[in-house]
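I opened this notebook to keep track of charged side chains and their partners. My entries follow in the order in which I looked things up.

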Amino acid sequence: MIVPLHLLPAAAHELPALPDTFLKPEAAAEHFVLDMPVAGAVALSDLQDFQRLLQAEGQGLQPTRMLYDRLYAFERLAAAHASANPALQQLAMQLFNRYQQAGEWIGLIH
């Protein structure tokens, strides 16, 4: 997922030096730690289903943008809810409710 740098805290721009063992593939998994995990209010698989259903209606969608651009997400969800496709309407409502329950639209856990 791409997150604009201006949305990250300054400390996130400064990555710690990786240990020498990071260069060895078998040891990489043991030593690499992601300090700021990426997570969204909704699963990417749901957004891919949403994209597929929107494409069937002749509309486009950028799934990763749905994780950090609130206005874009609202517009796409509203367009989907206004469609004649009941499956698309239902998925749009489910996604909207998950976003509202999460309370945050930025795909980073603080």
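Which residue forms a salt bridge with aspartate 69? I looked this up in what is a predicted model, and I found that the partner is arginine 65, with the closest N and O atoms 2.9 Å apart. I then checked the surroundings of arginine 65, which counts as partly exposed at a relative accessibility of 27%.

Next I asked how many salt bridges the structure holds. The count came to three, and I went through the others in turn.

For aspartate 46 I noted a salt bridge with arginine 98, whose closest N and O atoms lie 2.5 Å apart. This pair links distant parts of the chain, since aspartate 46 sits in helix 3 (residues 44-56) and arginine 98 in helix 6 (residues 86-102), with their positions 52 residues apart in numbering. I also looked up how accessible each partner is: aspartate 46 has a relative accessibility of 18% and therefore counts as buried, the cut-off being under 20%, whereas arginine 98, at 28%, counts as partly exposed.

My last entry concerns arginine 52, which forms a salt bridge with aspartate 49, the closest N and O atoms being 3.9 Å apart. That value falls within the 4 Å that the definition of a salt bridge allows. Where do the two residues lie relative to each other along the chain? Both belong to helix 3, and because they are three residues apart there, about one helical turn separates arginine 52 from aspartate 49. For aspartate 49 I wrote down a relative accessible area of 34%, which means that this residue is partly exposed.

How values were computed: Residues numbered from 1 in each chain as written. Predicted model: local features only at pLDDT ≥ 70, side-chain atom pairs only at ≥ 80, totals over all residues. Heavy atoms only, no water. Salt bridge = Lys/Arg side-chain N within 4 Å of Asp/Glu carboxyl O. Helix = DSSP H or I, 4+ residues; strand = E, 2+ residues; numbered from the N terminus. Buried < 20%, exposed > 50% of the residue type's maximum accessible area, 1.4 Å probe, protein only.
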